[in-house]
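Hi,

Here is the structure I promised to pass on. Have a look when you get a moment, and my notes are underneath.

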Amino acid sequence: TWHLKKIPQIVSKRTFSLDSPKFEAKTKLELNSVCGIECQRKLPVPSLSDLKDLLSYETIFENGTRTLTEVNVLGLALDPAGNTTTQRSLRKKRQIYGTDSRFSIYDKRFMTNFPFNTAVKISTGCSGILISPKHVLTAAHCLHNGKDYVKGSKRLRVGLMKTKSRGDGRKRKGGKRNGMPSFQWTRVKSTHIPKGWFKGVSEDIALDYDYAVLELKRPHKRKYMELGISPTIKMMPGSMIHFSGFDNDRSGQLVYRFCSISDESNDLFYQYCDAEPGSTGSGVYLRLKEPNKKKWKRKIIAVYSGHQWVDVNGEQQDYNVAVRITPLKYAQICFWIHGNDENCAQG
């Protein structure tokens with residue numbers, strides 16, 4: 001069951017103008033991090049002043065102008081337990097673990113209906129998910145490398161799968177093969193990235209803040225997926241998560257997968273969902289029962305950050321990781337969507 005939680009408040013304190021970025025960074029679809037699961041367990045819990053700094057955010061607009069908004073965090077109960085994780089299985093190797101368990105969705109009836117229609121393509125080479133009539137959730141590293149915005153993010157666009165294309169049913173010269181989605185591209189008006197990501201991907205905490213929200217120039221008029229607060233592994237049916245994206249090795253196809261989570265920290269899920277670059281930024285979702293109702297509902301509980309290389313006992317090991325939507329991150333993303341915290345009291 002989805003459990004309602006009281007959400008802390010994120011309120012903006014002041015906004016500054018910043019210089020326009022250079023937009024010269026290269027997009028990295030695989031990240032190198034030095035802090036693995038064992039290291040994450042030892043990280044201290046951020047203080048309230050740390051959190052205010054980490055949750056302050058940059059907004060970059062379509063014309064290249066940029067602002068920094070400082071925030072206050074109200075009504076937060078800090079967890080003294082730290083980055084507690086459950087000790088689970090040891091890491092395996094590679095992005096495709098054993099038999100490739102991904103499904104390519106070919107049928108347009110599925111592709112253009114909920115929940116698959118919520119998956120979108122980002123013009124920098126990642127995936128994302130629709131979270132409001134005008135907003136898309138994706139990974140921060142798809143747009144920014146910790147020091148500068150990536151090439152291509154200056155004229156950022158979002159590709160929504162088309163339900164019908166002109167000439168459907170007729171064989172067109174040079175037309176796409178059956179089952180390949182075509183995209184309707186929409187310009188992005190503004191992008192929000194938490195300051196925690198800019199603490200440079202050199203610092204241990206950066207991965208926890210690998211998420212961003214894009215505001216589209218015009219509403220998309222499609223069904224989107226609501227945000228949920230990520231439950232702990234033991235509260236998930238079979239510990240299973242689901243996500244869909246546009247993996248590079250299956251060009252033009254929508255790829256769906258589900259798998260169980262192997263381990264968790266306060267901010268991250270570690271799992272072995274089969275995934276290739278291109279699927280990063282996908283919304284990870286669950287289907288749970290609505291409180292006091294017989295209905296089931298899917299909600300986004302994490303952002304797929306992708307394939308990570310980390311130091312474990314002096315050796316480079318790899319795993320797939322997703323950034324959990326905690327009550328604080330829920331409050332921040334909800335604030336970005338609505339422009340105030342009035343609609344964000346419970347999640």
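Below is what turned up on the internal cavities and on one helix. Bear in mind that this is a predicted model.

Cavities to begin with. The count comes to four cavities of 30 Å³ or more, and the largest of them has a volume of about 90 Å³. That largest cavity is lined by 13 residues, and the ones closest to its centre are I60, F61, S153, L156 and T191. If you want to find your way there by secondary structure, go to β3 (57–61) and β10 (183–194), the elements that each give two or more residues to the lining. β10 has the largest share, with four residues. As for chemistry, the lining splits into seven nonpolar residues, three polar and three charged, so it might be worth clicking through the side chains there.

Now the helix, α5, which runs over residues 327–338. Does its length add up, and what span should we expect? At 1.5 Å a residue, its 12 residues should span 16 Å, and because the end C-alpha atoms are 16 Å apart, the two agree.

Is α5 mostly covered or mostly open? Mostly covered: 10 of its 12 residues are buried. The buried stretch takes in L328, K329, Y330, A331, Q332, I333, C334, F335, W336 and I337. Just after the helix comes G339, with a positive phi of about 80°.

Shout if you'd like to go through any of this together.

Cheers

Terms used
Residues are numbered from 1 along each chain as its sequence is written. This is a predicted model: local features need pLDDT of at least 70, side-chain atom pairs count only at pLDDT 80 or more; totals for chains, interfaces and linings use all residues. Side-chain values use heavy atoms; hydrogens and water are left out. On a 1 Å grid over the protein atoms alone, a cavity is a set of points where a 1.4 Å probe fits but cannot get out, and a pocket is an open set with protein on both sides within 12 Å along at least five of seven lines; lining residues have an atom within 4 Å of a point. Grid points are joined across faces, edges and corners, and a volume is the space filled by probe spheres set on the points. Ala, Val, Leu, Ile, Met, Phe, Trp, Tyr, Cys and Pro count as nonpolar, Asp, Glu, Lys and Arg as charged, and the others, Gly among them, as polar. The expected span of a helix is 1.5 Å times one less than its number of residues. Buried means under 20% relative accessible area, exposed over 50%, partly exposed in between (1.4 Å probe, protein chains only).
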